Amino acid sequence: MVKVSSKEILEDAMTGSYAIPHANFIDWNSARAYVREAEKEELPLILAFAQSHSHIINLEEAACIGNFFANHSTVPIVLHLDHGKDFEFIQKAIELGFSSVMIDASQEAFEDNIAITQKVVDFAHNQGVVVEAELGHVGSNSKTESNHITDSVYTEVSDVIEFVERTNVDSLAISIGTAHGIYKGEPKINFQRLHAIKEGTSVPLVLHGGSSSGTENLSRCAKEGISKINIYTDFMMAALKASHSEKFNDYIKQKDSSEIAMADVLNEYYKVFGTRR
């Protein structure tokens, strides 16, 4: 099965009131762990690479890894660029085979966010690639896919309809109380805001900062309007914990232990999100 667009699977998730996991990979091992688990469960997966992780592997390396697994998987895999910050990087990702891209201009003024997003959408749609944007801003704590610590800014309901209509974006990441990285305690999700946003738009909604947000919170989000939930930190922390759980005699056993731990995290989130195919 070749890689797929996120448009169809997210629309199915929206209709079915479940969410699809978005798993950030940073190397061959993490990508393989996610895809193997997706195949084992026979469920779709959004395999994502964040621009801010370019210091770990570059975009060309990420495309090579992502395209291999997406094109050889037995289940639907979306190769997605997460938190694209500039047009040139996003353009390169599309040229390298990413089937979905995110433009994150959420820290810009509203009109600037629209203009930047419109430019990406125009280019991507001409290439048959779908686009996610962010309205409001999901802040960042420590150990995250962001390079900077920032505060969250809630998505304004009144802005959603105008933003979607003017940009023609395919999915929208909203800010309702989560943050990227490690929390001090469990976040309080504003479900009232989620319901109001859902009523105001017909595009699939995305939740960033899903790691450690609480299984009850995330299950409710999936049932009540979120179609894609992004996970990164929980994978990395599970891999680190597994690698320290015993004294390994060789790298292979340590690596295998970390991959199993990441796969177990994805398995749990499939259940929490109620993911179906």
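Two aromatic rings of Phe, Tyr or Trp are taken as a pair if their centres lie within 6.5 Å. On that criterion, the structure before you, which is a predicted model, holds 8 aromatic pairs. I shall discuss two of these pairs, and then the helix that carries one of the rings.

The pair I begin with is formed by Trp28 and Phe69, whose ring centres are 4.8 Å apart and whose planes stand at 55 degrees, a tilted arrangement. Trp28 belongs to helix α2 and Phe69 to helix α3, residues 59-72, so this pair ties together parts that are 41 residues apart in sequence. Are these two rings buried or exposed? Trp28, at 34% relative accessibility, counts as partly exposed. Phe69 has 8% relative accessibility and therefore counts as buried, the cut-off being under 20%.

Phe69 has a further partner, Phe68, in an edge-to-face pair with 5.3 Å between centres and 85 degrees between planes. Phe68 counts as partly exposed, because its relative accessibility is 36%. Through these ring pairs, Trp28, Phe68 and Phe69 are linked into a cluster.

Let me now turn to the helices themselves. The axes of α2 and α3 are 10 Å apart and meet at an angle of about 15 degrees. Since angles under 35 degrees count as roughly parallel, that term applies to α2 and α3. Their crossing is right-handed. On the α2 side, the contact is made by Trp28, Ala31, Arg32, Val35 and Glu39; on the α3 side, by Ile65, Phe68, Phe69 and His72. The members of the aromatic cluster, Trp28, Phe68 and Phe69, thus appear in this contact. By class, the contact of α2 with α3 comprises 6 nonpolar residues, 1 polar and 2 charged.

Helix α2, residues 28-41, also packs against helix α10, residues 251-273, with axes 9 Å apart and an angle of about 45 degrees. That angle makes α2 oblique to α10. Here, too, the crossing is right-handed. From α2, the contributors are Asn29, Ser30, Arg32, Ala33, Tyr34, Arg36, Glu37, Ala38 and Glu41, and they meet Tyr251, Lys255, Glu259, Met262, Ala263, Leu266, Asn267 and Tyr270 of α10. What is the make-up of this contact by class? The contact of α2 with α10 has 8 nonpolar, 3 polar and 6 charged residues.

One residue of α2 deserves a final mention: Arg32 is listed in the contact with α3 and also in the contact with α10.

Note on methods
Residues numbered from 1 in each chain as written. Predicted model: local features only at pLDDT ≥ 70, side-chain atom pairs only at ≥ 80, totals over all residues. Heavy atoms only, no water. Axes fitted to C-alpha atoms, helices over the stretch in contact; angles between N-to-C directions. Helix = DSSP H or I, 4+ residues; strand = E, 2+ residues; numbered from the N terminus. Parallel < 35°, antiparallel > 145°, perpendicular 65-115°, else oblique. Left-handed = near helix turned anticlockwise from the far one by under 90°. Contact = heavy atoms within 4.5 Å. Nonpolar A, V, L, I, M, F, W, Y, C, P; charged D, E, K, R; others polar. Phe/Tyr/Trp six-rings, centres within 6.5 Å; stacked < 30°, edge-to-face > 60°. Buried < 20%, exposed > 50% of the residue type's maximum accessible area, 1.4 Å probe, protein only.
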